[in-house]
Amino acid sequence: MKTPNKPFSKDILHIENIETVCNDIIKKLKTDVAKKLQRRGAVIGISGGIDSSVCLALSAKAFGPNKVTAIMLPEQDSSDDSRILAEKLAAKFDVTDTLVEDITQALNGFGCYQRRDEAIARVITDFNPTVDKAKIEIKQEASSNLPPAFSVTVIKPNGEVISKLLPVREYLQIVASTNFKQRSRMSMLYYHAERLHYAVIGTPNKHEVEQGFFVKHGDGAADVMPIGHLYKTQVYQIAKHLGVPQEIIDRTPTTDTYTAEQTQEDFFYQMPFKQMDLMWYGWENNYSSEEVSKVMNKTKEEIESIYKNFERKKKTTEYLRMRPIF
């Protein structure tokens, strides 16, 4: 086992030479698209989220804003803020080729909403999708020794909140049906990429890739992923350096997938990303739980449980990262 070569600290992920790092990413992105992929520009889906915003900024600098097509892909459950912020982002980086492709009808054709709502109603029998809001979430702490268990939460118009643990059958159906959203979006991105002879720019960061927080053949499908090696805190550092609008930087990361508001922490990560980044770095770089616990103000046992949580997530999501088996 490799021994860490520097003490663990809360600023261990700080990018000192950020201008150089950004220039290296831009140079590699330009070379990968032009030389390896032999494409002449970039198509990117933008949502007003931090990851897609940074990828658009990098793409505009790599190819020039006139060779970037930015596509907003809303559906009936999307937040109105997403489109407003996406438009502001494109204007900030002089990307004028922006399109809006509403995928609601495509999702209706797949039965996305109907299949999802049927599964929710089997668990919460008085669920009314026309007026109620719903989401799925993990209520356990990451330091729990138990595998994550998902609950479905329904919010009534009067504010009443009903939450129940999801049986496996219903959980799988809800996830499978909502995954139509990411797969439909990627189909649309590839339509425009092929039409323009451009490359599709993937927006997942390091945690989404390595913990499996993406949809196979959905947001996990792309031609190049320029920030796939960056921790979330590093994505924010680059966002500030490149001048991403402050409203996007200040926005709480959400899934923007369910009718009820849902943060990425609630849905998957089980802890704030600033904590998660440091502890993941500690885990993958073989820092002892004792050393990390002192810096993170947690017990050694809590860090050990979180390390096990990371290991479990990476192992159980390996299927998502696998290439087809020949």
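The legends below accompany an overall view and several close-up views of a predicted model.

**Figure 1. Overall view of the protein chain, which has 14 helices and seven strands.** The chain has 326 residues and a radius of gyration of 20 Å, which agrees with the value near 20 Å that a compact globule of this length would have. Taken along the principal axes, the box filled by the C-alpha atoms is roughly 55 × 55 × 45 Å. Of the 326 residues, 51% count as buried, and the accessible surface comes to about 16400 Å², with 51% of that area belonging to carbon and sulfur atoms. Among contacts with a separation of 6 or more, 74% are between residues 24 or more positions apart. The chain carries 44 positive and 43 negative charges, and the mean positions of these two sets are 5 Å apart.

**Figure 2. Close-up of helix α12, residues 289-296, with its buried residues.** The buried residues of this helix are Ser289, Val292, Ser293 and Met296. Seen down the axis of α12, they fall within an arc of 105° and so line one face of the helix. An α-helix has 3.6 residues a turn, so residues three or four places apart point the same way. The packing partners of the buried residues of α12 are α11 (273-284) and α13 (300-316). Directly after α12 comes Asn297, whose phi is positive, near 60°.

**Figure 3. Close-up of Phe310 in helix α13.** Phe310 counts as buried because its relative accessibility is 1%, which is under the 20% limit. Leaving aside residues up to four places away in sequence, Phe310 touches Gln211, Met271, Met276, Met279, Trp280 and Trp283. Pro253, in contrast, is not in that list of contacts; Phe310 and Pro253 are 57 residues apart in sequence, and their C-alpha atoms are 20 Å apart in space.

**Figure 4. Close-up of Ser184 in helix α6, which spans residues 168-196.** With a relative accessibility of 10%, Ser184 counts as buried. When residues up to four places away in sequence are not counted, the residues touched by Ser184 are Ile103, Leu107 and Phe110.

**Figure 5. Close-up of Thr96 in the loop between α3 (80-92) and β3 (98-100).** Thr96 is exposed, having a relative accessible area of 71%, and this value is over the 50% limit used for exposed residues. Thr96 and Asn66 are 30 residues apart along the chain, yet their C-alpha atoms are separated by 7.2 Å.

**Figure 6. Close-up of two loop residues with positive phi, Gln38 and His217.** Gln38 lies in the loop that runs between α1 (18-36) and β1 (42-45), and although Gln38 is not a glycine, its phi is positive, at about 55°. At 56% relative accessibility, Gln38 counts as exposed. His217 is found in the loop between α7 (206-211) and α8 (232-242); this residue is likewise not a glycine, and has a positive phi of about 65°. The relative accessibility of His217 is 58%, so His217 counts as exposed.

Terms used:
Residues are numbered from 1 along each chain as its sequence is written. This is a predicted model: local features need pLDDT of at least 70, side-chain atom pairs count only at pLDDT 80 or more; totals for chains, interfaces and linings use all residues. Side-chain values use heavy atoms; hydrogens and water are left out. Helices (H or I, at least four residues) and strands (E, at least two) are DSSP runs, numbered from the N terminus. The radius of gyration is taken over C-alpha atoms; the globule rule is 2.2 Å times the number of residues to the power 0.38. Buried means under 20% relative accessible area, exposed over 50%, partly exposed in between (1.4 Å probe, protein chains only). Contact means heavy atoms within 4.5 Å. Accessible areas come from the Shrake-Rupley method with a 1.4 Å probe; for residues, only the protein chains shown count as cover. Lys and Arg count as positive and Asp and Glu as negative; His and the chain ends are not counted. The place of a charge is taken as NZ of Lys, CZ of Arg, CG of Asp or CD of Glu. The arc is that of the directions from the helix axis to the C-beta atoms.
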